[in-house]
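Work through the exercises below with the sequence and the coordinates open. Each task is followed by a solution in steps.

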Amino acid sequence: MAILLSGLLSELAKNSIKYETFLPDGCDPASIELGGMVCDSRKAGPGVMFAATKGDHSDAHEFTAQAVSAGAPALLCERRCAAAVPQIIIRDVRSGMGEVASVIHGYPSKKMTMFAVTGTNGKTTSAFLTRAILASAGVKTGLAGTVINDDGEKKEEAEHTTSEGADLQGLLARMVENGCGACVMEASSHSIAQGRISGISFDRIGFTNLTPEHLEYHTDMENYFSAKRALFGKYMKDDGIAAINIDDEYGMRLRRELGKRAVSYSMRMEEADFFARVLSVSEEGLAIEVKAPGLSGNKGIKLPALGGYNVMNALQALSLACAAGVPAAAAIESLEAMPQVPGRLERYRLDNGVTCVIDFAHTSDGLEKALGAVRQVCGGRLYVVFGLGGERDISRRPIVGETASRLGDYVVVTSDNPRGEDPEAIIAGIEPGVKRHATPYKLITDRREAICLALDMASAGDIVVIAGRGPETRQVFKDFSIPLVDREIMEDWCRMRGRRVL
């Protein structure tokens, strides 16, 4: 789908975005066709508007000449550029380009039922499960999130939890073209605060929980909560419905603020709209009992997942899908066939009796939940291999270390994504927390070596948890990155040791 520049300007004049226009002498906006937008000059080309974003470390206005040379027929920018092409000038490109790109692509989000999931933990699993329920109900559903972006035909590895506005609108447009009737999106606090989701109004929004994270960006929990709250106040449709975890204190606050515009879910309060309790736990999963609107009584199912928090993720997905019209009985039944979510307590049974679990947990709360879930079914020793990313809140490093040593039987501290920091300095920051308990541990900077050591030490009945990176495919250093996938390291170890995954 394409739009003429004249049509874009006409549409923008109808909405709230404030802009100025520069048109070179002799330029006819009705003769310029726009088929998309990019904010990376390396992706610029004919018919694609270039959005010049400004970040903490770079200013894309410096690359407008390259974008125009590559064929970009127009610019979205924050100041007048030297290029002799039409320019739409707005105060903040990052927060406005989603809205402009939405117009270019014909308002794709208006052509689907839009779901968003936000919160500190559980977004990815909840989004995957919501899509699985919708798919089982016959709704072709796209996915935009931390692990993958799926336009209904093609899956691509995601670069961010929530893409930049130009990329996001392009993804939504492809979903529409591929026949998707719905989209499930993870909405990060950064994307909400930066306006990356501008141009989208959501029909249903889920809130999982709020625990300390990203405080280097938000400074404190109240600011963090305010960013999340804005999703419901600014981006939810007037007739939209929120699905809120009321076991979380911030969720309870949201529930009170939203009133009749919210449904609640809980594992503590039976009066919630959606409620579940765990009946039994095994390595194969959880036997649970669910209460939901529309059921004649509570329904028992086997959830093929570990951890009470995955029951909460299932309730989140269930409440979102039911709020969109999926019958509760059918939605609950589909949860019994829930897929294994990449990097979320992803389990592999090895032929020597060892179980390897790969998980994305990289906060104290996330690691505590993951290790607590695994501990319930671990008949032997629990080995924990983990690290923390660089250029993130350093105060939580010893806290995460303490969690690992308190719940694990043997801890291997290693590198994650050091970014611009010295990996050994990050490990040194974690070590004081590990030392708080008598749990034996080792510090091994090379992640491959660390994982192999734990697998070498483990024997039948033991579980090795590899935490922090989940399905990530590259390890990020200051000026470069290298291919690194935890699952592939485990598979390489199996080949070297003559083992196999069952």
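The exercises go from the whole chain to a pocket, then to ring contacts and backbone angles; the model is a predicted one.

**Exercise 1. Overall dimensions**

Task: Determine whether the radius of gyration of the protein chain agrees or disagrees with that of a compact globule.

Solution:
- Start with the length: the chain has 502 residues, for which a compact globule would have a radius of gyration near 23 Å.
- The protein chain has 24 Å, so the value agrees with the globule rule.
- For the extents, take the principal axes: the C-alpha atoms fill a box of roughly 75 × 55 × 40 Å.
- Next, burial: 57% of the 502 residues count as buried, where buried means under 20% relative accessible area.
- The secondary structure of the chain comprises 16 helices and 26 strands.

**Exercise 2. The second largest pocket**

Task: State which helix gives the largest share of the lining of the second largest pocket, and describe that lining.

Solution:
- The space in this pocket amounts to about 850 Å³.
- Its lining consists of 33 residues, and those nearest the centre are S16, S95, G96, E99 and S198.
- Helices α3 (93-104), α6 (189-193) and α8 (221-234) each contribute at least two lining residues.
- Helix α3 gives the largest share, with 6 residues.
- By residue class, the lining splits into 11 nonpolar, 11 polar and 11 charged residues.

**Exercise 3. Aromatic pairs**

Task: Classify the pair F225 and Y250 by its geometry, then explain what parts of the chain the pair ties together.

Solution:
- The search of the whole structure gives 3 aromatic pairs.
- In one of them, F225 and Y250 have their ring centres 5.2 Å apart and their planes at 45°.
- Planes under 30 degrees apart would count as stacked and over 60 as edge-to-face, so an angle between these limits is called tilted.
- F225 belongs to helix α8 and Y250 to helix α9 (residues 249-258), so the pair ties together parts 25 residues apart in sequence.
- Both rings belong to buried residues: F225 has a relative accessible area of 0%, and Y250 has 10%.

Task: Do the same for Y383 and Y410.

Solution:
- The ring centres of Y383 and Y410 are 5.9 Å apart and the planes are at 40°, so this pair is tilted.
- Y383 is in strand β21 (residues 382-386) and Y410 in strand β22 (residues 410-413), so the parts tied together are 27 residues apart in sequence.
- Y383 is buried, with a relative accessible area of 4%, and Y410 is buried at 9%.

**Exercise 4. Charges over rings**

Task: Find the ring under the charged end of R80 and the ring under that of K110.

Solution:
- For R80, the charged end sits over the ring of F22, at 3.4 Å from the ring centre.
- For K110, the charged end sits over the ring of Y107, at 4.3 Å from the ring centre.

**Exercise 5. Positive phi outside glycine**

Task: Locate E391 and R419, and give the phi of each.

Solution:
- E391 is not a glycine, yet its phi is positive, about 60°.
- E391 lies in the loop between β21 and α13 (397-407).
- With a relative accessible area of 48%, E391 is partly exposed.
- R419, also not a glycine, has a positive phi of about 55°.
- R419 lies in the loop between β22 and α14 (423-434).

Terms used:
Residues numbered from 1 in each chain as written. Predicted model: local features only at pLDDT ≥ 70, side-chain atom pairs only at ≥ 80, totals over all residues. Heavy atoms only, no water. 1 Å grid on protein atoms, 1.4 Å probe; cavity = no way out; pocket = protein on both sides within 12 Å on 5 of 7 lines; lining within 4 Å. Points joined across faces, edges and corners; volume = space filled by probe spheres on them. Helix = DSSP H or I, 4+ residues; strand = E, 2+ residues; numbered from the N terminus. Nonpolar A, V, L, I, M, F, W, Y, C, P; charged D, E, K, R; others polar. Phe/Tyr/Trp six-rings, centres within 6.5 Å; stacked < 30°, edge-to-face > 60°. Buried < 20%, exposed > 50% of the residue type's maximum accessible area, 1.4 Å probe, protein only. Lys NZ or Arg CZ within 6 Å of the ring centre and 35° of its normal. Rg over C-alpha atoms; globule rule 2.2 N^0.38 Å.
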